[in-house]
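Colleague: Please take me through this model, one question at a time. I should like each answer to show its reasoning and to close on the value or name requested.

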Amino acid sequence: MEKATYSVKEVAQILGVGQVLVYKEISIGNIPAVRLGKKRVVVPKWAIDELLGRQNGQTSGV
């Protein structure tokens, strides 16, 4: 089963950046995210796919 969301740590690893930058981009609205409870923040898979230019979760042309 494919994941529907990623944690901030996973997003940072996928993008090759630090978690602080991911939180900053979420706070200014560049990365859509959902807050679950007081601490947990998740990013929808479609948001990362869109950010990386993927279609249907697949890399295009690779």
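The exchange below concerns a predicted model.

Colleague: What pattern does the chain follow along the sequence?

Modeller: The chain holds 3 helices and 3 strands. Read in sequence order, these elements give the pattern β-α-α-β-β-α.

Colleague: In which order do the strands of the open sheet lie?

Modeller: S1 and S3 pair in the antiparallel sense over 3 bridges. S2 is likewise joined to S3 (residues 40-44) by 3 bridges, and these two strands run antiparallel. The open sheet of 3 strands therefore pairs antiparallel throughout its order, which is S1-S3-S2.

Colleague: Which are the edge strands of this sheet, and by what average angle are neighbouring strands turned against each other?

Modeller: In the order S1-S3-S2, an edge strand is one that pairs on one side only, and this applies to S1 (5-7) and S2 (34-36). With direction ignored, neighbouring strands of the sheet are turned against each other on average by 40°.

Colleague: Which residue of S3 is the bridge partner of Arg-35?

Modeller: The pairing of S2 with S3 comprises 3 bridges. Within it, Leu-36 stands opposite Arg-40. For Arg-35, the bridge partner in S3 is Val-41.

Colleague: Which residue takes a positive phi in the hairpin of S2 and S3?

Modeller: The hairpin has 3 residues between its strands. A positive phi near 75° occurs there, and the residue that takes it is Gly-37.

Colleague: How many of the residues of S3 are buried?

Modeller: Over the chain of 62 residues, buried residues make up 26%. Strand S3 is mostly covered. Of its 5 residues, the number buried is 4.

Colleague: Is Val-42 buried or exposed?

Modeller: Val-42 is found in strand S3. It touches Thr-5, Tyr-6, Ala-33, Val-34 and Leu-36, leaving out residues up to four places away in sequence. Its relative accessible area is 5%, and the limit for burial is under 20%, so Val-42 is buried.

Colleague: What distance separates the C-alpha atoms of Val-42 and Pro-32?

Modeller: Along the chain, Val-42 and Pro-32 are 10 residues apart. The separation of their C-alpha atoms is 8.9 Å.

Colleague: Which residue of S3 stands opposite Ser-7?

Modeller: Ser-7 has its place in strand S1, and it is buried with a relative accessible area of 17%. Apart from neighbours within four places in sequence, Ser-7 is in contact with Arg-40 and Val-41. The residue that stands opposite Ser-7 in S3 is Val-42.

Colleague: What angle does the direction of H1 make with that of S1?

Modeller: Helix H1 (residues 8-15) packs on the sheet, where it touches S1 and S3. Its direction makes with that of S1 an angle of about 90°.

Colleague: How is H1 oriented with respect to H2: roughly parallel or roughly perpendicular?

Modeller: H1 and H2 (residues 19-27) pack with their axes 8 Å apart, at an angle of about 105°. Angles of 65 to 115 degrees count as roughly perpendicular. H1 is therefore, relative to H2, roughly perpendicular.

Colleague: Which residues of H1 and H2 make the contact, and what are their classes?

Modeller: H1 contributes Val-8, Lys-9, Val-11 and Ala-12. H2 contributes Gln-19, Val-22, Tyr-23 and Ile-26. By class, the contact consists of 6 nonpolar, 1 polar and 1 charged residues.

Colleague: Is Ser-27 buried or exposed, and how far from a polar atom of its side chain does the backbone oxygen of Lys-24 lie?

Modeller: Ser-27 lies in helix H2. At a relative accessible area of 59%, against a limit of over 50%, Ser-27 counts as exposed. The backbone oxygen of Lys-24 lies from a polar atom of the Ser-27 side chain at 2.7 Å.

Colleague: With which residue does the side chain of Lys-45 make a polar contact?

Modeller: Lys-45 is found in helix H3 (residues 45-51). With 11% relative accessibility, Lys-45 counts as buried. A polar contact of 3.1 Å joins its side chain to that of Glu-2.

Colleague: What share of the contacts with a separation of 6 or more comes from residues 24 or more positions apart?

Modeller: The count takes the contacts in the chain with a separation of 6 or more. Among these, residues 24 or more positions apart account for 40%.

Terms used:
Residues are numbered from 1 along each chain as its sequence is written. This is a predicted model: local features need pLDDT of at least 70, side-chain atom pairs count only at pLDDT 80 or more; totals for chains, interfaces and linings use all residues. Side-chain values use heavy atoms; hydrogens and water are left out. Axes are lines fitted to C-alpha atoms, for helices over the stretch in contact, and angles run from 0 to 180 degrees between N-to-C directions. Contact means heavy atoms within 4.5 Å. Angles under 35 degrees count as roughly parallel, over 145 as roughly antiparallel, 65 to 115 as roughly perpendicular and the rest as oblique. Ala, Val, Leu, Ile, Met, Phe, Trp, Tyr, Cys and Pro count as nonpolar, Asp, Glu, Lys and Arg as charged, and the others, Gly among them, as polar. Buried means under 20% relative accessible area, exposed over 50%, partly exposed in between (1.4 Å probe, protein chains only). A polar contact is a pair of N or O atoms within 3.5 Å; within protein, one must be able to donate a hydrogen and the other to accept it, and residues adjacent in sequence count only if both atoms are side-chain atoms.
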